[in-house]
Amino acid sequence: MASVAITEVNETPSGPIPPKATAGEQVVTPWDVQGGVTEDGKQLGIDYDKLIAQFGTRAIDAELLQRFERLTGHKPHVLLRRGMFFSHR
């Protein structure tokens with residue numbers, strides 16, 4: 001009978017395998033999004049304010065949407081008005 005060696009794969013067809021979230025931290029890469037994990041293993045939600053600070057973006061708030069409408073003369077897209085996007089560059 002032939003023996004088969006199993007090796008750990010560190011890449012997927014789309015790139016490297018992203019790191020797993022450890023207690024208290026969230027992981028956001030082009031390949032994966034994970035909220036933080038508490039010490040007892042419970043999954044936490046994504047901290048959007050932390051993402052805004054981490055990536056240097058600006059929150060899309062009511063003031064920005066009003067400015068958009070004032071400058072363009074058109075209401076912002078319905079997905080912007082409903083809050084589907086949280087930040088922009």
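The following paragraphs walk through a predicted model of a single protein chain, from its overall make-up to a few selected residues.

Confidence is a good place to begin. The mean pLDDT of the protein chain is 81, and 74% of its residues reach 70 or more. One stretch falls well outside that range: over residues 3-9, pLDDT stays under 50, and the model has 1 contact beyond four places in sequence for this segment. Where pLDDT is low, the predicted coordinates should not be read in detail.

As for the overall architecture, the protein chain contains 3 helices and 6 strands. Read from the N terminus, these elements follow the order β-β-β-β-α-β-α-α-β. Of the 89 residues in the protein chain, 17% are buried. The accessible surface amounts to about 7400 Å², and carbon and sulfur atoms account for 56% of this area. When contacts between residues at least 6 apart in sequence are considered, 26% of them join residues at least 24 apart.

Strand S4, which spans residues 33-34, includes Gln34. This residue counts as buried because its relative accessibility is 15%, under the 20% cut-off. Despite its polar side chain, then, where does Gln34 find a partner? The side chain of Gln34 makes a polar contact with the side chain of Asp32, at 2.4 Å.

Helix H1 covers residues 48-55, and at its start a side-chain oxygen of Asp47 comes to within 3.3 Å of the backbone nitrogen of Asp49. At the other end, just after H1, Gly56 adopts a positive phi of about 70°. Thr57 follows in the loop between H1 and strand S5 (58-59). Its side chain makes a polar contact of 3.2 Å with the side chain of Ser87. Beyond neighbours within four places in sequence, the contacts of Thr57 are Ile52, Ser87, His88 and Arg89.

Helix H2 (residues 62-72) offers two residues to look at, Leu65 and Gln66. Leu65 is classed as buried because its relative accessible area is 18%, again under the 20% limit. Gln66, by contrast, counts as exposed because its relative accessibility is 55%, over the 50% limit. Setting aside neighbours within four places in sequence, Leu65 is in contact with Ile60, Pro76, Leu80 and Arg81. Two C-alpha separations help to place this helix relative to what follows in the chain. Leu65 and His77 are 12 residues apart in sequence, with 9.5 Å between their C-alpha atoms. For Gln66 and Pro76, which are 10 residues apart along the chain, the C-alpha distance is 8.5 Å.

Helix H3 (residues 78-81) contains Val78. With a relative accessible area of 30%, Val78 is partly exposed, because that class lies between the 20% and 50% limits. Val78 also belongs to a nonpolar patch on the surface, together with Leu79, Met84 and Phe85. The accessible area of these four residues comes to about 360 Å² together.

Definitions and conventions. Residues numbered from 1 in each chain as written. Predicted model: local features only at pLDDT ≥ 70, side-chain atom pairs only at ≥ 80, totals over all residues. Heavy atoms only, no water. Polar contact = N/O pair within 3.5 Å; in protein donor to acceptor, adjacent residues only side chain to side chain. Helix = DSSP H or I, 4+ residues; strand = E, 2+ residues; numbered from the N terminus. Buried < 20%, exposed > 50% of the residue type's maximum accessible area, 1.4 Å probe, protein only. Contact = heavy atoms within 4.5 Å. pLDDT = per-residue confidence, 0-100. Areas by Shrake-Rupley, 256 points an atom, 1.4 Å probe, with all protein chains shown as cover. Patch = residues over 30% accessible without salt bridge, like charges linked within 9 Å, V, L, I, M, F, W, Y side chains within 5 Å. Salt bridge = Lys/Arg side-chain N within 4 Å of Asp/Glu carboxyl O.
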